[in-house]
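Colleague: I should like to learn how to read a protein model, beginning with its strands. May we go through one together?

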Amino acid sequence: MATRAQPWQLCWARSSGPVALATGGAASAEGPGRPGPLQDETLGVTSVPSQWRGVQGIRGDTKSCQTASIVTAEASTQTRKHADAEVQTEAPEPVRVQPVSRHDSPRLAAFLQRVEAMVIRELNKNWQSHAFDGFEVNWTEQQQTVTCLHTLSYPPAQGQGMHVTSVSWNTTGSVVACAYGRLDDGDWSTLKSFVCAWNLDRRGLSPRQPSAVVEVPSAVMCLAFHPTQPSHIAGGLYSGEVLVWDMSRPEDPLLWRTGLTDDTHRDPVSQVVWLPEPRHSHRFRVLSVATDGKVLLWQGAGAGQLRLTEGFALVVQQLPRNTKLKKAASHSSVPWQRKRPPSRGCPALCPCGPRPSSPSLPMAALSTLNLFLSAGTDGHIHLYSMLQAQPLTSLQLSHKYLFAVRWSPVRPLVFAAASGEGDVQLFDLHKSSQKPTVSVKQTQDESPVYCLEFNRQQTQLLAAGDAKGTVKVWQLSTEFTEQGPRETEDLDQLAAEVAT
């Protein structure tokens, strides 16, 4: 009868290797009817999934706890360190007192009493004297000659053969602008043009690259910067339009324009000027003058338009018979010296042409002016007084045209003229009333100089534009910028002398 092995016996046999089973401590021999020794067998893998993990996952809870808040505190301590040091200087020397000069006090007092009345009388005379009126001490370095500081140009305009027709300084005196157009013969009314500006105080100034450039659909004949707004500039076009730009807005510089209507100019605009309003001195209007005989006043309005506020007409038939006027070119120049601003009228006597198309415009009231200069196609400069029709004196400066003349802003006896022979001529009437004091060469090939303008802020600077498309900035010598005593009275006396 076979004996079933006990579980502990199977486990022991599997771990100890194949051995015979023992019963009662004796080995049993293998024989018929007895089972053989146990053998190792390889069975299939059976796995039983654990349900404990699933049950634990369902019953899982999330818990948190918070520790007590952390208490912080700051503390500081300060220690002190003391150090003592001693130095010994040399023994001081006694100060030597200068001996007091002996004087006779009674005699000194008697002298002061004797000259007191005379000294007071001379001081009163000096106090009432006007010998040094208008004289200002200039502590800047003396400039002995007239020199060229900058030569400015815009190559695209020069490539089209354009001329510099006008120059203007802004109210700060640091920016000079020029207009490009044509002043020679030919049909160039549809020629596009430019207005360029250079900031002379800017670091890295490029003479051939303006700080600002404005493209204009018609040739620009004249320019004028705003008296208080440094970036606003007005321009008159060959087409008769008047425009105002803001040079600080390169993308869209146009502020106002007049357009072309029955009331606007029909001829090229020869001059534009900013004038203060009568009741609001801080507000300005634009005055324009053209060869059609019109003098028009414009006010900036909404929607980018210049609105006509007043208009005048200069008509030959309405002028006094003893006033001999000749028809001048559109670029003639008539600046003046005055003691007070004009109450009404044009700041430059415009050339007189045929009767304008708008007869309703009244004749311009001529302002009360002292002396003014005129320059024209005859090559002469005429000095006029508003008190008489004939010129006080005439100077022939060129055998060709004279295109511009300007009074100095600081010296009443000094003016400059632009010559058709390529010269900029400077006059000092205190030295000579018949010939220029200094003549500088603007163009080497004697191309005409069309325009010039003094700098009212930096009075040593003078800008001039020419037919080569170039603007030259001249630094004047000290003799043209320092005003002497009684210059205004000397000019009145000179006018009186030549009038007699």
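Modeller: Certainly. Please keep in mind that this model is predicted. We may begin with one pair of strands: strand 4 and strand 5, the latter covering residues 175-181, pair in the antiparallel sense over 6 bridges.

Colleague: What holds such strands together in general, and which residue of strand 5 is the bridge partner of Ser-168?

Modeller: In general, the strands of a sheet pair through backbone hydrogen bonds, in either a parallel or an antiparallel manner. In this model, Ser-168 has Ala-177 of strand 5 as its bridge partner.

Colleague: In what order do the strands of the open sheet lie?

Modeller: The order is 4-5-6-7, which makes an open sheet of 4 strands with antiparallel pairing. Its edges are formed by strand 4 (163-169) and strand 7 (212-216), each of which pairs on one side only. If direction is ignored, neighbouring strands of this sheet are turned by 20° against each other on average.

Colleague: I should next like to understand the cysteines. How many disulfides are counted in the model?

Modeller: The general idea is that a disulfide is a covalent bond between the sulfur atoms of two cysteines. For this model the count is 0 disulfides. Cys-178, for instance, is in no disulfide, and the nearest cysteine sulfur, that of Cys-196, is 5.1 Å away. Cys-196 is likewise in no disulfide, its nearest cysteine sulfur being that of Cys-178 at 5.1 Å. The cut-off for a disulfide is a pair of sulfur atoms within 2.5 Å, so this pair does not count as one.

Colleague: Is Cys-178 buried or exposed, and is Cys-196 buried or exposed?

Modeller: Buried means a relative accessible area under 20%. Cys-178 counts as buried because its relative accessibility is 1%. Cys-196 is also buried, because its relative accessible area is 0%.

Colleague: Let us turn to internal spaces. How many cavities of 30 Å³ or more are there?

Modeller: There are 2 cavities of 30 Å³ or more. The largest cavity has a volume of about 70 Å³. It is lined by 11 residues, and those closest to its centre are Leu-383, Thr-393, Leu-395, Leu-429 and Ser-433.

Colleague: Which elements supply the lining of the largest cavity, and what kinds of residue are found there?

Modeller: Strand 18 (380-385), strand 19 (393-396) and helix 5 (487-499) each supply at least two residues of that lining. Strand 18 gives the largest share, with 3 residues. As for kind, the lining of the largest cavity consists of 8 nonpolar residues, 3 polar residues and no charged ones.

Definitions and conventions
Residues are numbered from 1 along each chain as its sequence is written. This is a predicted model: local features need pLDDT of at least 70, side-chain atom pairs count only at pLDDT 80 or more; totals for chains, interfaces and linings use all residues. Side-chain values use heavy atoms; hydrogens and water are left out. Two strands pair if DSSP finds at least two bridges between them. Axes are lines fitted to C-alpha atoms, for helices over the stretch in contact, and angles run from 0 to 180 degrees between N-to-C directions. On a 1 Å grid over the protein atoms alone, a cavity is a set of points where a 1.4 Å probe fits but cannot get out, and a pocket is an open set with protein on both sides within 12 Å along at least five of seven lines; lining residues have an atom within 4 Å of a point. Grid points are joined across faces, edges and corners, and a volume is the space filled by probe spheres set on the points. Ala, Val, Leu, Ile, Met, Phe, Trp, Tyr, Cys and Pro count as nonpolar, Asp, Glu, Lys and Arg as charged, and the others, Gly among them, as polar. Buried means under 20% relative accessible area, exposed over 50%, partly exposed in between (1.4 Å probe, protein chains only).
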